[in-house]
Number of protein chains: 2
Amino acid sequence: MSVRLSVFAVPGIPMVKPGDDIAGFILDGLAAMGETLADGDVVVVAQKIVSKTEGRLVALSTVTPSERAHELAGITGKDPRVVELVLRESNAVLRAKTNVLVVEQKLGLVIANAGIDRSNVEGGADDMALLLPVDPDASARALRTTIKARSGADVGVVVADSVGRAWRIGTSALAIGCAGLEPLWDQRGDVDMFGKVLEVTEVSIADQVAAAANLVMGEATEATPVAIVRGLTTPRNERPATVLIRPKEMDMFR
Amino acid sequence: MSVRLSVFAVPGIPMVKPGDDIAGFILDGLAAMGETLADGDVVVVAQKIVSKTEGRLVALSTVTPSERAHELAGITGKDPRVVELVLRESNAVLRAKTNVLVVEQKLGLVIANAGIDRSNVEGGADDMALLLPVDPDASARALRTTIKARSGADVGVVVADSVGRAWRIGTSALAIGCAGLEPLWDQRGDVDMFGKVLEVTEVSIADQVAAAANLVMGEATEATPVAIVRGLTTPRNERPATVLIRPKEMDMFR
């Protein structure tokens, strides 16, 4: 396990547009601060800029709500067009009440509003919605490959989203996409300090990396959607972040 | 928000016993690595060593299971004496099935086995159980006060526990106790980059600090139950970690 981590924001990432080159922005931002990426660094990227560069913006004026969307909009008080997008991005609605719409998003994530965001979106905050990437693991892999090609550094990439949680107040970041680091550290079979075999310890490395990075990433006026986590020494296998999603049949809380 | 965090484990913390002086171990460990605490550092301490020094160990041979404990032991396959302790430490049982017993622990935490741990406990791993601290916020405050008195440093303290989560695979650390840093960063009323007022963003700083620290803290053979998170610049108000517990009446997932 790691002994010392350094976690720092990458400055100067501009407002991104569809088709923009995130890897270029990251490498430029690092160069401007006199940093270069090293093998083993983990580049944590906010879902918002990944979604934007992938063109996952939808103009609400183009969305016609279904009957079901109108019904849920009535229950939740949300814009029926946003609810329609949430339904299109979801496998199932889990909870709906005033101001709350929690779903199983297409990827299997249990998340409010299918991860759809209306803040920090260009083009008039009330007119556009930003969907999650279609395949955040693929987004992470692509960014990792591009960074390797341009910088030579063999980095890990985490696509992070800040989400609400069962049982807890306040958002915390999760890894919704992952490449080049093992998202889940399976310690089952290891022994503890007294020689007792650990039976159930699997540690969510990627979620905790996302959470660490989130402490230096801006939510509101400070636009720092990228952070580097340096010094992680956990395994570097290549499983996707979807291994962090508890399968429905193993989930007692939905 | 912070720009750069340093997260490092404090080496050389010995096996602790009831009454041991955690602050002393931390200051000695830091001195041995040539570090001193600075104002604003957050000292993250694993719940296990807090509980042990507070004498929260129970010999299972002293526990007589109730009828209800036997019943739940039958359902879960767990030791009826451990189940009895779980019941004593809980307000309500939320889920019980094979290998799983999720409760509302006395503090209000939704947590498996009321946070009771049988691994890494001295005196024969099968004979002892370790309960959560009675008041982890008070534990954090006391440690903060002692560290201030001995070192002069005005630090924050987080008592961290690794827990399973709804919807996600793998454990992640939470703050069950907190002093000297604001556990929850309320951004409601702030404006985003486009001038839109944020309506719902409250960020769980303390949980994410615990998660960051957990990346350098050992679970199994590597005994590093203390880490320092340096560089956090979020507010330093004095609310307890209990503000991170979602009140039952606001919780749709239990």
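Trainee: Leaving aside neighbours within four places in sequence, which residues is A:Thr76 in contact with?

Mentor: First, the ground rules: this is a predicted model, in which local features need pLDDT of at least 70, side-chain atom pairs count only at pLDDT 80 or more, and totals for chains, interfaces and linings use all residues; side-chain values use heavy atoms, without hydrogens and water. Residues are numbered from 1 along each chain as its sequence is written, while chains are lettered from A and ligands numbered from 1 in the order in which they are written. Contact means heavy atoms within 4.5 Å. With neighbours within four places set aside, the partners of A:Thr76 are A:Val83, A:Ala96, A:Lys97, A:Thr98, A:Asn99, A:Val100 and A:Leu101.

Trainee: Is A:Thr76 buried or exposed?

Mentor: A:Thr76 sits in helix α3 (residues 67-76) of chain A. Helices (H or I, at least four residues) and strands (E, at least two) are DSSP runs, numbered from the N terminus. Buried means under 20% relative accessible area, exposed over 50%, partly exposed in between (1.4 Å probe, protein chains only). At a relative accessible area of 0%, A:Thr76 is buried.

Trainee: How many helices and strands does chain A have?

Mentor: Of its 254 residues, 57% count as buried. Among chain A contacts between residues at least 6 apart in sequence, 62% join residues at least 24 apart. The secondary structure of chain A comes to six helices and 12 strands.

Trainee: What is the strand order of the open sheet of 10 strands?

Mentor: Strands pair if DSSP finds at least two bridges between them. The pairing in this sheet is mixed. Its edge strands, each paired on one side only, are β9 (172-179) of chain A and β9 (172-179) of chain B. The order is β9(A)-β8(A)-β2(A)-β12(A)-β1(A)-β1(B)-β12(B)-β2(B)-β8(B)-β9(B).

Trainee: How many bridges join strand β8 of chain A to β9(A)?

Mentor: β8 (residues 156-163) and β9(A) run antiparallel. A:Asp161 stands opposite A:Leu174 in β9(A). β9(A) is mostly covered, with eight of its eight residues buried. The number of bridges joining the two strands is seven.

Trainee: Which residue in β12(B) does B:Val44 stand opposite?

Mentor: Strand β2 (residues 42-46) of chain B runs antiparallel to β12 (residues 226-230) of chain B, and four bridges join them. Opposite B:Val44 in β12(B) stands B:Ala227.

Trainee: What angle does the direction of helix α6 of chain B make with that of β9(B)?

Mentor: Axes are lines fitted to C-alpha atoms, for helices over the stretch in contact, and angles run from 0 to 180 degrees between N-to-C directions. Helix α6 (residues 205-214) of chain B packs on the sheet. It touches β1 (4-9) and β9 of chain A, together with β1, β2, β8 (156-163), β9 and β12 of chain B. Its direction and that of β9(B) make an angle of about 125°.

Trainee: Why is α6(A) largely enclosed by the rest of the structure?

Mentor: A:Gln208 belongs to this helix, α6 (residues 205-214) of chain A, and counts as buried at 0% relative accessibility. Leaving aside neighbours within four places in sequence, its contacts include B:Thr171, B:Ser172 and B:Ala173. α6(A) is largely enclosed because its buried residues number 10 of 10.

Trainee: Which of the 60 residues in the largest nonpolar core touch the most other members?

Mentor: A nonpolar core is a set of buried Ala, Val, Leu, Ile, Met, Phe, Trp, Tyr and Cys residues joined through side-chain atoms within 4.5 Å. Not counting residues up to four places away in sequence, A:Val158 touches A:Val44 and A:Val209, among others. The residues touching the most other members are A:Val44, A:Val158, A:Val209, B:Val44, B:Val158 and B:Val209.

Trainee: Which residues lining the largest cavity are the closest to its centre?

Mentor: On a 1 Å grid over the protein atoms alone, a cavity is a set of points where a 1.4 Å probe fits but cannot get out, and lining residues have an atom within 4 Å of a point. Grid points are joined across faces, edges and corners, and a volume is the space filled by probe spheres set on the points. The largest cavity holds about 430 Å³ of space. Of its 34 lining residues, the closest to the centre are A:Arg165, A:Ala166, B:Arg165, B:Ala166 and B:Arg168.

Trainee: What is the phi of A:Ala114?

Mentor: Most residues other than glycine have a negative phi. A:Ala114 lies in the loop between β6 and β7 (128-130) of chain A. Its phi is positive, near 55°.

Definitions and conventions
On a 1 Å grid over the protein atoms alone, a cavity is a set of points where a 1.4 Å probe fits but cannot get out, and a pocket is an open set with protein on both sides within 12 Å along at least five of seven lines; lining residues have an atom within 4 Å of a point.
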